[in-house]
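Let's take a walk through a protein model and see how its parts fit together. Have the sequence and the 3D view open as you read.

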Amino acid sequence: MDGELVRYLYHELFRSCKAPPRGCVFNDEVILFIYFLAVASDRSVLWAHDRRHWPLWARRLPRPSYSQLMRRLKSDTIQERIRILNATLRDRLPRASDKYLDGKPLVVGVFTRDPDVAWGKLSNDTWARGYKLHLVFDAAGVVEAAQVTPLNGSESITARALVEFMNLSGALVRADSSYDSNALYQAIAQRGGRLIAPRKKPGRGLGHHPQHPHRLQAIQLLEGSSEARTIHRRLRIRVEQGLAHMTNLPFGLAPLPNWVRRLERVRRWVLAKISLYHLHLNLRLCNTNVA
């Protein structure tokens, strides 16, 4: 793993080091440092708990027992600290007005005993078991919001929850046909944005139900002009580029390892991966400014 990234992570975690929570001996920062070492190296927490796998300059840190480490990782405080770290790193990055909605399947083995996984259909019309990562991507490559559900989770319903607390004033939100929903058009419009998504079956009638004005405008735009459809597809490639960047980094979001199972563990692992991705973007931005 990149030593510069580890040092940057260390300083981010210990910049505002606080006293341990009541009844605890070790700071949250120590717990998070060990966990992020595991996530960044795609190794188990047991591997990261071994001090021999730490950088030499970090081995002076105190180390909790493995059982205490695992108990602390399940606490709400640690979950909140990871969310705060991710939000802090994300808010330092430049933004763009355009946003993109997309989902990434996180497939596991067919014979897994994980009770939280579900069967779902992939983009190539094959069936698999696993989870799905739902994302709101910024055109600048920043992950604005994310959520993990079982693989059969509805993309349009999850997207409504993702945009509920976002400020989308003046934003143009592009998505594929999976997000063509009047309820989602309305949810995005209430946040100040405008959704553009093609219909699953273009050219058909609209039925007798009332349609959101933005949906009608999207239908007219995408089905009335081949040039508009081409532009929409070309711009949608940006979210694929962002996902490719996030998944192809050495410490990026690879397929779920076999020790990351159950929904809460998967959510914690994925959020830590997104935090490392934002940390990488911050580090690259700092190096660019220095140069």
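A salt bridge here means a side-chain nitrogen of Lys or Arg within 4 Å of a carboxyl oxygen of Asp or Glu. Before we use that, a word on what you're looking at. This is a predicted model, so local features need pLDDT of at least 70 and side-chain atom pairs count only at pLDDT 80 or more, while totals for chains, interfaces and linings use all residues. Residues are numbered from 1 along each chain as its sequence is written, and side-chain values use heavy atoms, with hydrogens and water left out.

**Salt bridges**

How many salt bridges does the rule give? The count comes to 21. Take D176 and R236: their closest N and O atoms are 3.6 Å apart. This pair ties together distant parts of the chain, with D176 in the loop between β5 (172-174) and α7 (182-190) and R236 in helix α9, 60 residues apart. Those helix and strand labels are DSSP runs, numbered from the N terminus: helices are H or I with at least four residues, strands are E with at least two.

To talk about cover, we call a residue buried under 20% relative accessible area, exposed over 50%, and partly exposed in between (1.4 Å probe, protein chains only). R236 counts as buried because its relative accessibility is 9%, whereas D176 is partly exposed because it has 24%.

Now look at helix α5 (residues 76-91), where you'll find D91. The side chains of D91 and R90 meet in a salt bridge, 3.6 Å from N to O. Is R90 buried or exposed? R90 is buried, because its relative accessibility is 18%. D91, on the other hand, has 52% and so counts as exposed. Following the chain on from D91 to G103, 12 residues along, the two C-alpha atoms are 22 Å apart.

Helix α10 offers one more pair, E264 and R267, with a salt bridge of 3.6 Å (N to O). Why are these two separated by about one helical turn? Because they sit 3 residues apart in helix α10. E264 is partly exposed at 48%, and R267 is partly exposed at 28%. Elsewhere, salt bridges that share partners join R90, D91, R95, K99, D138 and E144 into one network.

**Strands and hairpins**

Two strands pair if DSSP finds at least two bridges between them. Here are two such pairings side by side:

| Strands | Direction | Bridges |
|---|---|---|
| β2 and β3 | antiparallel | 4 bridges |
| β3 and β4 | antiparallel | 7 bridges |

In the pairing of β2 with β3, G120 stands opposite A128. The two strands make a hairpin with 5 residues between them, and D125 in the turn has a positive phi of about 65°. Strand β2 (residues 118-121) has two faces: A118 and G120 are on the covered one, W119 and K121 on the uncovered one.

Strand β4 covers residues 143-150. Which residue in β4 is the bridge partner of H134? That's Q147. The hairpin of β3 and β4 has 4 residues between the strands, and G141 takes a positive phi near 95° there.

**Nonpolar groups, inside and out**

In soluble globular proteins, nonpolar side chains tend to be buried together. A nonpolar core is a set of buried Ala, Val, Leu, Ile, Met, Phe, Trp, Tyr and Cys residues joined through side-chain atoms within 4.5 Å. The largest one in this model has 62 residues, and F33 and L276 have the most contacts inside it. Apart from it lies another core of 21 residues, among them A145, M166, L168 and A175.

What does F33 touch? Leaving out residues up to four places away in sequence, its contacts (heavy atoms within 4.5 Å) are V6, Y10, L13, F14, W57, A58 and L61.

There's also nonpolar surface on the outside. V110, F111, W119 and W127 make a patch of about 550 Å². Patches are made of residues with over 30% relative accessible area and no salt bridge, with like charges joined within 9 Å and nonpolar side chains (Val, Leu, Ile, Met, Phe, Trp, Tyr) within 5 Å. The accessible areas come from the Shrake-Rupley method with a 1.4 Å probe, and for residues only the protein chains shown count as cover. W127 is in strand β3 (residues 127-138) and counts as exposed because its relative accessibility is 55%.
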